[in-house]
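Grab a coffee and work through these short exercises on one chain. Try each task before you read its solution.

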Amino acid sequence: MPGRILIAYASRTNATAQHAGAIAGSLRGLGREIDIVDLRKSGKTDLRDYDSIVVGSGVRFGRWYGPAKKLLKSKALAGKKIAIFVACGMLADDPKKSGEAVKNYIDFFAEKYGVKAISTRAFVGFMPDGKSIKLGSASGSRPVDTARSEVWGRELAEVL
Ligand SMILES: Cc1cc2nc3c(=O)[nH]c(=O)nc-3n(C[C@H](O)[C@H](O)[C@H](O)COP(=O)(O)O)c2cc1C
């Protein structure tokens, strides 16, 4: 019987949060037990209860958000099945470039912190324009397209 999955994400303008919700919805739809945690709001989460962890972060200036980076670096991930996603700008929108987003925003950090992920994806978040960069907020509460994260959630059910 496949174990419980934790989806732990950090989001500032809600795109990563929406993708996390879509992934959770797909996995639950396939009968998997899921907990979902917003790392910017939660206290310390005990990872011992989980066989598999899906880590998600938004990207700003090529970097992860602090709480997600902290989790990725955590020794508590050792021995677990890990999947990683990011929500980012333009790169993820273009299928030819989304590999580049995975390389720059996921593989780079996974390698740096010695994490071997079973599966990785970059999803589209909110496109920063000059104004939103200045304000540090790109979205408000607009919806993002979660079609790809829903599909990935179903794929994850096969491997986590
Ligand atoms: C200040 C700022 C910097 C950003 N830098 C990048 C970047 O370096 N690369 C990228 O692909 N997207 C970048 N983005 C786009 C964000 O990744 C995108 O808005 C995403 O939705 C953020 O995730 P969140 O909504 O969960 O916070 C940036 C956005 C902002 C507001």
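**Exercise 1.** Work out which pattern of helices and strands the chain follows along the sequence.

*Solution.* Keep in mind that this is a predicted model. Start at the N terminus and read off the elements in turn: you get β-α-β-β-β-α-β-α-β-α-α. Now tally them, and you have five helices and six strands.

**Exercise 2.** Find out whether the radius of gyration of the chain agrees with that of a compact globule.

*Solution.* First, the reference: for 160 residues, the globule rule puts the radius near 15 Å. Next, the chain itself has 15 Å, so the two agree. For the extents, take the principal axes: the C-alpha atoms fill a box of roughly 50 × 30 × 30 Å. Then check burial, where 41% of the 160 residues count as buried. Finally, look at contacts with a separation of 6 or more: 76% of them come from residues 24 or more positions apart.

**Exercise 3.** Describe how helix α1 packs against helix α5.

*Solution.* Locate the pair: α1 covers residues 15-29 and α5 covers residues 147-159. Their axes are 7 Å apart, at an angle of about 45 degrees. That angle is neither under 35 degrees nor within 65 to 115, so α1 and α5 are oblique to each other. The crossing is right-handed.

Now for who touches whom. On the α1 side you'll find His19, Ala22, Ile23, Gly25, Ser26 and Leu27. Facing them from α5 are Ser149, Glu150, Trp152, Gly153, Arg154, Leu156 and Ala157. Sorted by class, this contact has six nonpolar, five polar and two charged residues.

Conventions
Residues are numbered from 1 along each chain as its sequence is written. This is a predicted model: local features need pLDDT of at least 70, side-chain atom pairs count only at pLDDT 80 or more; totals for chains, interfaces and linings use all residues. Helices (H or I, at least four residues) and strands (E, at least two) are DSSP runs, numbered from the N terminus. The radius of gyration is taken over C-alpha atoms; the globule rule is 2.2 Å times the number of residues to the power 0.38. A residue is buried if 20 or more other C-beta atoms lie within 10 Å of its own, exposed if 12 or fewer, and partly exposed in between; C-beta atoms are placed from the backbone. Two residues are in contact if their C-beta atoms, placed from the backbone, lie within 7 Å. Axes are lines fitted to C-alpha atoms, for helices over the stretch in contact, and angles run from 0 to 180 degrees between N-to-C directions. Angles under 35 degrees count as roughly parallel, over 145 as roughly antiparallel, 65 to 115 as roughly perpendicular and the rest as oblique. A crossing is left-handed if the near helix is turned anticlockwise from the far one by less than a right angle, and right-handed if clockwise. Ala, Val, Leu, Ile, Met, Phe, Trp, Tyr, Cys and Pro count as nonpolar, Asp, Glu, Lys and Arg as charged, and the others, Gly among them, as polar.
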